[in-house]
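This report introduces a protein structure to a reader who has not met it before. It turns to charges over rings, aromatic pairs, a central topic of strand pairing, and one helix.

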Amino acid sequence: MELLRSQLLREEVFHTRLENGLEVYLLRKPGFRRAYATVATKYGSVDSRFIPAGGTEPVEVPAGIAHFLEHKLFEEEGGSVFDRFAELGASANAFTSYTLTAYLFSCTGAFHENLRVLLEFVGRPYFTDELVEKEKGIIEQELKMYDDHPDRVLLRNLLEALYHENPVRVDIGGTVESVRQITKEQLYLCYNTFYHPSNMVLFAAGDLDPEATLQVIRKAAPEGKDRGEIRRFYPPEPATVRERRVEQAMAVSRPRYSLGLKDPVTGLTGEALMRREIAHNMLLHMLFGRSSTAFQSLYEAGLIDEGFSAYYTASPLYGHAVISGETDDPDRLHQEIVAIVERFREEGFDEADYQRAKRQAMGEFLDAFNSLEFIAHSFISYHFRDGNFFRYPEIVQEMPAEELRSYIDEFLDLERSAVSIVRPR
């Protein structure tokens, strides 16, 4: 195993790549009572068109199938994997995002036994026609529940307005119609394509013995040879937004407001993508962070509350900022935010703003670094984008003010913005 060090964070990660292609990262945290492990595949809701293993022609599968597959993997012949984790005193879960699917557990004992269970069930799918049909009803109810969740609807409508064709505009769970089209054969097709170890990463953290843990992983991981990259296909996406404004009436006590800013630059990976993400979030903190003049003025005017937030997220396929919160007057809030953005484009920021944004970015990172979950999933997320998570605080420290200024006009272009509002019925 090679040893990856971060002098700034004073952390060490043991790394190796197995013969089957599985990347393994082990973070030793002496003194931690709890241990955490996750195995993730570079396969999310946006990956619905691809060339399957051994094939030559692209196939297209229904939206939401990655999420459906995540649900089904926990079922095995004779019961549920959750029961096995519970017997070992572990708490297990999983999630699907736009770009990855992860399976995880945390425990305070029997770490190696739980790790075996994790690798065994992820490497051994069990799908039947009867179980697939049963799951369709469960997921349909889940999707209908989301339709009654105002914050979920607010974001979904915003992404549908920002993007013309990009699959990020479709809910991670798909639609009721797309879920009904999913078959057992399609699940096995997606599993055999995306759940090969060469498309996966395992990250474990805790007071663990790296060599002993690696031996467990070698024995429990599926056999096979590194298969290389998977060919995926995504529709072209114009830089413009699809709609400038979308509203929906729901059973809510207060309106919800969200402004989206679409990033026209895509295709970045590695450190270039990480720098862009850090820089854009620093700019948003200068604009709307808790200590900003704008936040204070909007708060004192009664237009926002403590739940108001602004963040930027990106992958090689998409990038956008979301500024949102509850408000009694979404139209006035929108006018004020537009004025704040336009003023910032004209005047820029001073040294005090710049230093404050750097301190905020570093403080939030170091605070979150106390969480094993944050470390594991951030590490994997950046790994799948060819980035080094341990470089994050170093980039924050190195980020020059001029680089931030170079992003302002392009990033804060209101011609590429959309507004989503949820109002009370």
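## Charges over aromatic rings

Arg-152 is placed over the face of Tyr-146, at 3.6 Å from the ring centre. The model in which this arrangement appears is predicted. A second case involves Arg-385, whose charged end sits over the ring of Tyr-382, 4.4 Å from its centre.

## Aromatic pairs

Across the whole structure, a search finds 33 aromatic pairs. One of them is formed by Phe-50 and Phe-194, which meet edge-to-face. This pair links distant parts of the chain, since Phe-50 belongs to strand β5 (residues 49-50) and Phe-194 to helix α7 (residues 184-194), 144 residues apart. Phe-50 and Phe-194 are both buried.

A further pair consists of Phe-74 and Phe-121, whose planes stand at 35°, so the pair is tilted. Phe-74 is found in the loop between α1 (65-73) and β7 (75-76), whereas Phe-121 is part of helix α3 (residues 111-122); the pair therefore ties together parts that are 47 residues apart in sequence. The relative accessible area of Phe-74 is 6%, and this residue is buried because the cut-off is under 20%. Phe-121 is likewise buried, with a relative accessible area of 2%.

The geometry of the two pairs is set out below.

| Pair | Centre to centre | Angle between planes | Arrangement |
|---|---|---|---|
| Phe-50 and Phe-194 | 4.8 Å | 75° | edge-to-face |
| Phe-74 and Phe-121 | 4.9 Å | 35° | tilted |

These four residues also belong to one aromatic cluster, whose members include Tyr-43, Phe-50, Phe-74, Phe-82, Phe-121, Tyr-191, Phe-194 and Tyr-195.

## Strand β11 and its partners

How many of the seven residues of strand β11 (residues 200-206) are buried? Seven of the seven are, so the strand is largely enclosed by the rest of the structure. Both of its faces are covered: on one side Met-200, Leu-202, Ala-204 and Gly-206 are buried, and on the other Val-201, Phe-203 and Ala-205.

Strand β11 pairs with strand β3 (residues 23-28), to which it runs parallel, through six bridges. Within this pairing, Arg-28 has Gly-206 of β11 as its bridge partner. Strand β4 (residues 35-41) also pairs with β11 over six bridges, but in the antiparallel sense. Here Val-39 has Leu-202 of β11 as its bridge partner.

The loop between β4 and β5 contains Ser-45. This residue is buried, with a relative accessible area of 12%. Leaving aside residues up to four places away in sequence, Ser-45 touches Ala-66, Thr-96, Ser-97, Tyr-98 and Ile-172.

## Helix α8

Helix α8 spans residues 210-220, and its buried residues are Pro-210, Thr-213, Leu-214, Val-216, Ile-217 and Ala-220. They cover an arc of only 155° around the axis, which means that they lie on the same side of α8. In general, an α-helix has 3.6 residues a turn, so residues three or four places apart point the same way. The elements that cover the buried residues of α8 include β2 (11-17), β3, α3 and β11. At the N-terminal end of α8, Asp-209 acts as a cap, with a side-chain oxygen 3.1 Å from the backbone nitrogen of Glu-211.

Definitions and conventions. Residues numbered from 1 in each chain as written. Predicted model: local features only at pLDDT ≥ 70, side-chain atom pairs only at ≥ 80, totals over all residues. Heavy atoms only, no water. Phe/Tyr/Trp six-rings, centres within 6.5 Å; stacked < 30°, edge-to-face > 60°. Helix = DSSP H or I, 4+ residues; strand = E, 2+ residues; numbered from the N terminus. Buried < 20%, exposed > 50% of the residue type's maximum accessible area, 1.4 Å probe, protein only. Lys NZ or Arg CZ within 6 Å of the ring centre and 35° of its normal. Pairing = 2+ DSSP bridges. Contact = heavy atoms within 4.5 Å. Arc of directions from axis to C-beta. Polar contact = N/O pair within 3.5 Å; in protein donor to acceptor, adjacent residues only side chain to side chain.
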